[in-house]
Amino acid sequence: LIASHGFASTDRWDNSWAVEITRGRESDKWLDITPTSQDLPFGRCLVASAAMVDPNDPDRALLGMYGGCGSGGYGPCPSSEMWVLSATRLQAAAAEGSGARAATAWEKKETCVGARNFGAMAALPSLQDGTFFLFGGNGRPLVGPDEDGQLNSLSLAADTWSRTVLDGDRPMQPGGAAQSSMVATEAGELWLQLGGTNEMYLVQVGDGGFANMAQESCKSDPVPGLRTAHGVLMGLSWGFLLPIGVFIARFGRIKNPLWFKLHRAIQSTGVVLMLAGFVCAMLMVSAGKFLARPHAQIGVVVVAIGLQQPLNAFFRPHVVANTPKTTKRVVWEYWHKYSGRLAILLGLINPFWGITYVAGATSPGLIVYAVWVALYLLATLYLTARGLPFEANGPSSLAQSVNRYLCCFLQTWNDSFQPRDPVVGVDQGNKKQDAAQASEAAKQDEPKATAESQRRISEV
């Protein structure tokens with residue numbers, strides 16, 4: 001018996017377990033067979049799954065898993081992914097009581113039958129060197145359900161999907177959160193229990209049954225890559241455009257009013273991309289557990305701050321020439337600047353979680369993004385230390401503070417590397433300083449000595 005994925009409260013699991021059930025044997029226990037040498041399919045619930053023995057290798061078990069909900073930042077909800085877990089040497093692992101003896105690996109299959117939750121899946125190893133059947137399911141955004149009586153199948157030998165619309169009394173697609181069940185028999189029959197009803201259907205899929213049905217290759221999945229679209233849109237927005245707009249507003253004020261026009265145009269574009277990325281997230285992840293992970297939690301806060309920034313900018317109190325700033329203007333500046341900086345900081349951090357979820361902690365995309373964020377922060381620190389941005393009365397107070405503490409740190413760091421005299425413990429740096437002071441004093445006394453010599457010569 002193999003179990004994988006699932007959920008409890010706000011958690012989504014991605015580990016896999018196996019147990020050999022032998023009646024009357026007390027040593028039966030669950031073995032952790034989660035692959036350790038690859039990225040795992042994201043944690044999810046409401047999946048369709050079925051297991052079978054590989055028809056070409058009796059010691060190899062296959063677990064098929066389709067769709068499911070990765071809500072809360074784990075992944076799309078519903079998903080259109082098809083994964084197959086291959087596990088060998090399970091009997092030896094069960095005999096020794098160690099899951100490490102089993103060899104397991106996930107393989108992602110191409111799919112074209114649409115994203116879904118609550119699907120029903122069955123496996124028949126005797127048909128076409130192994131076939132997974134998929135029926136029903138719902139929750140797919142932008143796409144309607146399968147036709148009534150539609151049965152989807154994945155042939156492992158051909159590695160292709162096909163669809164068949166059954167003849168006769170067709171089972172209707174269940175609606176809502178109704179989970180159907182399906183099981184295959186060695187005689188080549190599929191038994192389908194329709195979710196939310198007491199209806200049971202029998203489908204002949206063996207010789208003379210499914211093999212003789214009219215099949216057609218399914219078309220490409222019409223649902224766009226919402227997760228990819230979300231990542232690209234939010235990456236351009238919070239990962240690039242909005243930080244650049246803040247950078248221009250902070251350090252580009254010497255180019256007045258060009259800085260303001262650029263800032264307004266860039267931030268407006270960034271907010272539009274942010275809204276589009278947020279819509280993709282809403283379509284991708286169900287609302288039930290939307291805030292289950294830090295990536296989603298921070299994302300909601302960032303989007304909320306991002307939306308109010310252009311609104312409070314529109315209603316800002318304007319500055320009158322040669323007139324002190326009003327209290328409302330001062331309060332508005334503090335709110336607009338520091339709420340924006342907080343949003344930029346969180347917006348730069350959040351993609352680290354998102355990229356890690358999708359591509360793993362060692363992906364090239366994560367490394368490139370980390371380098372970009374480091375360069376942005378270093379540039380901000382450097383220009384601040386140089387005294388920017390300039391204000392009416394000189395460098396800003398923050399720039400002065402950063403410059404003072406940075407210079408103090410660099411001086412302390414430099415002094416720590418000065419060599420010391422091993423005999424008397426006198427700092428060689430101090431000796432050099434004393435010598436320099438003595439040399440300077442000698443230079444100042446040199447004109448006096450020269451004048452005294454000339455006076456003596458004249459007396460002689």
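This report describes selected strands, helices, surface residues and salt bridges of a predicted model.

## Strand β10 and its neighbours

Strand β10, which covers residues 150-155, is mostly covered, since six of its six residues are buried. In a regular strand the side chains alternate between the two faces of the sheet. Here both faces are covered: Gln150, Asn152 and Leu154 are buried on one side, and Leu151, Ser153 and Ser155 are buried on the other.

Strands of a sheet pair through backbone hydrogen bonds, either parallel or antiparallel. Strand β9, made of residues 131-135, runs antiparallel to β10 and is joined to it by four bridges; one place to look for this pairing is phenylalanine 132, whose bridge partner in β10 is leucine 154. Strand β11, made of residues 160-165, also runs antiparallel to β10, and six bridges join these two strands. Serine 153 has serine 162 of β11 as its bridge partner.

## The hairpin turn and aspartate 159

β10 and β11 form a hairpin with four residues between them, and in the turn aspartate 159 has a positive phi of about 55°. Aspartate 159 is partly exposed, because its relative accessible area of 41% falls between the limits of 20% and 50%.

What does aspartate 159 form with lysine 109? The two residues form a salt bridge, in which the closest N and O atoms are 3.5 Å apart. Because aspartate 159 lies in the loop between β10 and β11 while lysine 109 lies in strand β7 (residues 103-109), the pair ties together parts that are 50 residues apart in sequence. Lysine 109, unlike its partly exposed partner, counts as buried at 10% relative accessibility.

## Other salt bridges

Side chains of opposite charge can pair when their charged atoms come close. A search of the whole structure finds seven salt bridges, and one of them joins the side chains of arginine 60 and aspartate 54, with a distance of 2.2 Å from N to O. Arginine 60 is partly exposed, with a relative accessible area of 26%, whereas aspartate 54 counts as buried at 9% relative accessibility.

Another salt bridge is formed by arginine 329 and glutamate 333, whose closest N and O atoms are 3.0 Å apart. Because these residues are four residues apart in helix α5 (residues 327-359), arginine 329 and glutamate 333 are separated by about one helical turn. Arginine 329 is buried, with a relative accessible area of 13%, and glutamate 333 is also buried, with a relative accessible area of 13%. Elsewhere, Arg44, Glu81 and Lys108 are joined into one network by salt bridges that share partners.

## A sheet of three strands

An open sheet is formed by three strands in the order β1-β2-β3, and the pairing in this sheet is antiparallel. The edge strands are β1 (2-8) and β3 (31-32), each of which pairs on one side only. Strand β2, made of residues 11-18, is joined to β3 by two bridges, and these strands run antiparallel. Alanine 18 has leucine 31 as its bridge partner in β3.

## A nonpolar patch on the surface

Which residues form a nonpolar patch on the surface? The patch consists of Leu1, Trp17, Ile21 and Trp30, which together have about 470 Å² of accessible area. Leucine 1 is placed in the segment before β1, and leucine 1 is exposed because its relative accessible area of 61% is over the 50% limit.

## Helix α2 and a contact with helix α5

Helix α2 has 26 residues, from 226 to 251, and at 1.5 Å a residue these should span 38 Å; the end C-alpha atoms of the helix are 36 Å apart, which agrees with that expectation. The helix α2 bends by about 30° at leucine 241, and proline 243 follows within four residues of that point.

Arginine 341 is found in helix α5, and at 28% relative accessibility arginine 341 counts as partly exposed. How many residues apart in sequence are arginine 341 and valine 246? They are 95 residues apart in sequence, yet in space they are 7.8 Å apart from C-alpha to C-alpha.

How values were computed
Residues numbered from 1 in each chain as written. Predicted model: local features only at pLDDT ≥ 70, side-chain atom pairs only at ≥ 80, totals over all residues. Heavy atoms only, no water. Buried < 20%, exposed > 50% of the residue type's maximum accessible area, 1.4 Å probe, protein only. Pairing = 2+ DSSP bridges. Expected span 1.5 Å × (residues − 1). Bend = angle between axes of the 7 residues up to and from the residue. Patch = residues over 30% accessible without salt bridge, like charges linked within 9 Å, V, L, I, M, F, W, Y side chains within 5 Å. Areas by Shrake-Rupley, 256 points an atom, 1.4 Å probe, with all protein chains shown as cover. Salt bridge = Lys/Arg side-chain N within 4 Å of Asp/Glu carboxyl O.
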